[in-house]
Amino acid sequence: MKKLVKLNFFNTLSKKMVFGFILLIILGTILLSLPIATVHQQGTAFIDVVFTAASATCITGLTVVNTAAHWSIFGQLVILGMAEIGALGYMTFAVLLFNIIRRHRNMGLSTQLLVKESLNLENLSDTKSVMKYVIGLSAFFQIGGVFLLAWDFVPRFGWKRGLYVSVYHSVMSFCNAGFDVFGNSLMAFQNDSYVLIVTIILIVGGGLGFLVWRDLLLYHERKRLSLNSKLTLTTTGTLFVLGFVILLVTEGNLSSLAGKMSWVNRTVNTLFLSVTPRTAGIITLPTDSLHSGSVFLIMILMFVGGTPGSTAGGIKTTTFGVLMLQSIAQLRGREDVEFSKRRFSQANISRALLLVFLASIVITLATLVLTQTEKIPQGYGLEYIVFEVLSAFGTVGLSLGLTPHLTVIGKVIIMILMFVGRVGIFTSLYALSKRQTRVSRLRYPEENILIG
């Protein structure tokens, strides 16, 4: 009976989470539909407005219209605000607003539970302390990013334009959103390693996760890191290094641009290319100019994504890490999956397997539908669509060029993928589920089948 009540309560929280994000998308759609939101003040096609609002709220960055050329300052600021709220969670802003206007000093139980669910916290007792780190770290990274970027952008664009693009790019980089006001992402800054390195720091800062940052900041007091943080840092570091090394090989350290870029700038651009698929969506090189091996690697990185409780999407680094350790343990003939002198529970492993299985089904179905509704241009194959699907599910924002040419059905499919990728598969399923889980006391005899 207690289990049923717990499940029903979780379903209610999941529904509030899902409907909260839907309301944000609706609000963004209304604001972006106003004539003042566009440069020519003539409005935008409804499906394109909804798509942009969904992409901003789900911090993806896929766009059917050019953000810099189509949207006015008002429209760009609406997108900026939606990305900020979508990245940190609408409950974070609700609690912050309540504290500012002093409607209540302490969070109620229902509010704490929503924040816990929004930030992927394990314990309810962590809610208040983590909230402080979420707000504090977000402000630190984004304000710091503005100052560092302004050092380059203000002399380049002047005070007014320079500060504006500094704020916009800092927020979008930390939120891993991918929207830009330059018109071509950071392609004009290929030879500006300073801007690229600052952007990398912001992307990693947002994608690493607030729980991991809290552990790192409190390490001098506790003298230890949680298992979650250790696994996250190990998996993230391994993926960064492997991605960078493989891209050095597949792209030859961008040897084709040797006449336009110094060796240092080419190396920084390759490093940037290994970081941005972790759901950032900011690019310095056209994705359609990359070699097939690089495109395949980027698709893998987009599928994995970032860290739970961060601004990133994908199946998450912890899921990938647990399954890798599970595979290694099985190959070594070990029953337990161990890491850093700790053993993972079977529930963790089962949940990771289920998540990857469900994600694979969602991606497969979306790809199948898009192969029927979208036209693949000459010179491309199935990767043209799979890349887009993985980018939407991982809330990345990279594309091989399909986004502006999506049909109405295609846009709807991509919006659903972005939403599920941001909210989470489990949260989405719980919100849609009306059935109660029944615990059966009857267990049938166990029997093995042939596998492999």
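How do the residues of the lining of the second largest pocket divide into nonpolar, polar and charged? The close-ups below start there; keep in mind that this is a predicted model.

**View A. A look into the second largest pocket.** The lining here divides into 10 nonpolar, 14 polar and 2 charged residues. That is a ring of 26 residues in the list, and Thr-63, Asp-180, Gly-183, Ile-283 and Gly-397 are the ones that lie nearest the pocket's centre. As for the space itself, the volume of this pocket is about 540 Å³. Rolling a probe the size of a water molecule over the atoms is what shows where such empty space is left.

**View B. Lys-411 meets Asp-48.** Side chains of opposite charge can pair when their charged atoms come close. Here Lys-411 and Asp-48 form a salt bridge, and their closest N and O atoms are 2.6 Å apart. Lys-411 belongs to helix 18 (residues 408-423) and Asp-48 to helix 2 (residues 46-57), so this pair ties together parts that sit 363 residues apart in sequence. Across the structure, the salt bridges number 3.

**View C. A nonpolar patch on the surface.** Five side chains make up this one: Phe-19, Ile-22, Leu-23, Ile-26 and Ile-30. Together they have about 480 Å² of accessible area. To find your way there, look for helix 1 (residues 2-33), which is where Phe-19 is found.

**View D. Aromatic rings in a cluster.** Three Phe residues, Phe-140, Phe-141 and Phe-174, join Trp-213 in one aromatic cluster. The count of aromatic pairs comes to 10.

Key:
Residues numbered from 1 in each chain as written. Predicted model: local features only at pLDDT ≥ 70, side-chain atom pairs only at ≥ 80, totals over all residues. Heavy atoms only, no water. Patch = residues over 30% accessible without salt bridge, like charges linked within 9 Å, V, L, I, M, F, W, Y side chains within 5 Å. Areas by Shrake-Rupley, 256 points an atom, 1.4 Å probe, with all protein chains shown as cover. Salt bridge = Lys/Arg side-chain N within 4 Å of Asp/Glu carboxyl O. Helix = DSSP H or I, 4+ residues; strand = E, 2+ residues; numbered from the N terminus. 1 Å grid on protein atoms, 1.4 Å probe; cavity = no way out; pocket = protein on both sides within 12 Å on 5 of 7 lines; lining within 4 Å. Points joined across faces, edges and corners; volume = space filled by probe spheres on them. Nonpolar A, V, L, I, M, F, W, Y, C, P; charged D, E, K, R; others polar. Phe/Tyr/Trp six-rings, centres within 6.5 Å; stacked < 30°, edge-to-face > 60°.
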